[in-house]
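Welcome! Take a moment to look over the sequence and the structure shown here before reading on.

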Amino acid sequence: MDFILTEDQKAVKEAARDFAQNELLPGVIDRDRDMVYPTEQVRMMGEMGFLGMMVSPKYGGGGMDTLSYVLAMEEISKIDASCSVIMSVNNSLVCWGLEKFGTEEQKQKYLTKLSTGEQIGAFCLSEPEAGSDATSQRTIAEDMGGHYLVNGTKNWITNGNKAAIHLVMAQSNKELKHKGINALIVEKAFSGVSIGAKEDKLGIRASDTHSIMYSDVQVPKENRIGDDGFGFKFAMTTLNGGRIGIAAQALGIAAGAYELALKYAQERTSFGKPIMNHQAIAFKLADMATEIEAARLLVYRAARMKDLGMDFSTAAAMAKLFASETAMKTTIEAVQVHGGYGYVKEYHVERLMRDAKITQIYEGTSEIQRLVISRAILKGELYQPMMSNGQKV
Ligand code: CAA
């Protein structure tokens, strides 16, 4: 498996980098401070094809591979993780799941608008009492014959107020536990959908996070994704890919903090020389660079495995676990390298440190990733080394 980028992949990376520098960097501090949703920037991301990168051109998407998506996520996350979470949810949790498991009618009706950014999507799994323990869904989708009647509350929903389309996981048959859960396409415009207050968050503050209430919402049967009871499998399978997106986000946050720390360490002098020439600082940069490169290999590998049609769920969990832990460590160190300047908003690294924290929490906490990995170990599905020809070690 090699990671030598094709000309197309290099072009995607370059385009994302330019876009982030030119369009996201100006105003990023203000949007974070004031919790201002990046409306214009999201519109531009849609125009540039960043919101439906892996969707087939037949449905308005870019038809790109997962590695291209990861490269774009990495570059955009270096500058603005609020924009990259909007992008990640739309690409990997909403568009990907709809294209993979939706009916032709569902794709015609919803996917084209989502992949072009004309509409934004939300993935509604978490609940006030079902975060890590996602099988404990309390939102009910009662089968009424021609439609489902949905009642319940979803929490911490990214794109919560902006999303026109919600993919909602809800329990239709409690006795069947997770096998009684359905995934439903719910339009924000459906009667009975209401949006809670915007969350005031530590990081990714410009992204739009809300709870959503469903009260006697009638959802037509044709809006169910997959067979009756497929909803939990849908959510988990979709999240496997989502975790690659968040791993790429974490990688980008870490790499962004590293680039700033390196620049600062070369410019700032103390005791008569650039601080990069003090071993105390140089070794920090050495550790950051090494860990980021290791995270990058795990993330790219998970993306390649997905593109090759291999089972990538453990690889995605490893990538997300390592990249998000690396993002946290690297951003803390980047603040330290900046000293007092690192503690003020102007220098960006304190924001990256706040943004890094969520990558250890959403789309499965670090503890859940360890659970997934340890279960794979217990089942004898050991991790395959980089040079493996497909045989288990
Ligand atoms: N891929 C495919 N299928 C999976 C899976 C995976 N990664 N993990 C579990 N499943 C399947 C199992 O095979 C099983 O199916 P069968 O019964 O058909 O065999 C079913 O799901 C139930 O699995 P378990 O028996 O292992 O259930 P569990 O309760 O012991 O563990 C869990 C489930 C792994 C802990 C799961 O609940 C989980 O991943 N929790 C974390 C939830 C999460 O990631 N939430 C993120 C919210 S979305 C978000 O954050 C978006 C955002 O805004 C940015």
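This report looks at a pair of helices and then at the surroundings of the ligand.

## About the model

Please keep in mind that what you see is a predicted model.

## Two helices that pack

Two packed helices are described by the angle between their axes and the distance between the axes. Here, helix α9 covers residues 313-338 and helix α11 covers residues 366-378; they pack at about 145°, and 9 Å separates their axes. Their crossing is left-handed.

You can find the contact in the structure by starting from α9, where S313, T314, A317, M318, K320, L321, S324 and E325 take part. On the α11 side, they meet S366, Q369, R370, V372, I373 and A376. This contact of α9 with α11 mixes six nonpolar residues with five polar and three charged ones.

## Around the ligand

Now turn to the ligand, which has 24 residues around it. The nearest of these are S132, T158, H178, R243 and R375.

Some atom pairs are worth finding on screen. A polar backbone atom of S132 is 2.8 Å from a nitrogen atom of the ligand. In T158, an N or O atom of the side chain is 2.7 Å from a ligand oxygen atom. G364 has a backbone N or O atom 3.0 Å from an oxygen atom of the ligand. On its own, the ligand has 1100 Å² of accessible area, and the protein covers 76% of that.

Key:
Residues numbered from 1 in each chain as written. Predicted model: local features only at pLDDT ≥ 70, side-chain atom pairs only at ≥ 80, totals over all residues. Heavy atoms only, no water. Axes fitted to C-alpha atoms, helices over the stretch in contact; angles between N-to-C directions. Helix = DSSP H or I, 4+ residues; strand = E, 2+ residues; numbered from the N terminus. Left-handed = near helix turned anticlockwise from the far one by under 90°. Contact = heavy atoms within 4.5 Å. Nonpolar A, V, L, I, M, F, W, Y, C, P; charged D, E, K, R; others polar. Near = heavy atom within 4 Å. Polar contact = N/O pair within 3.5 Å; in protein donor to acceptor, adjacent residues only side chain to side chain. Areas by Shrake-Rupley, 256 points an atom, 1.4 Å probe, with all protein chains shown as cover.
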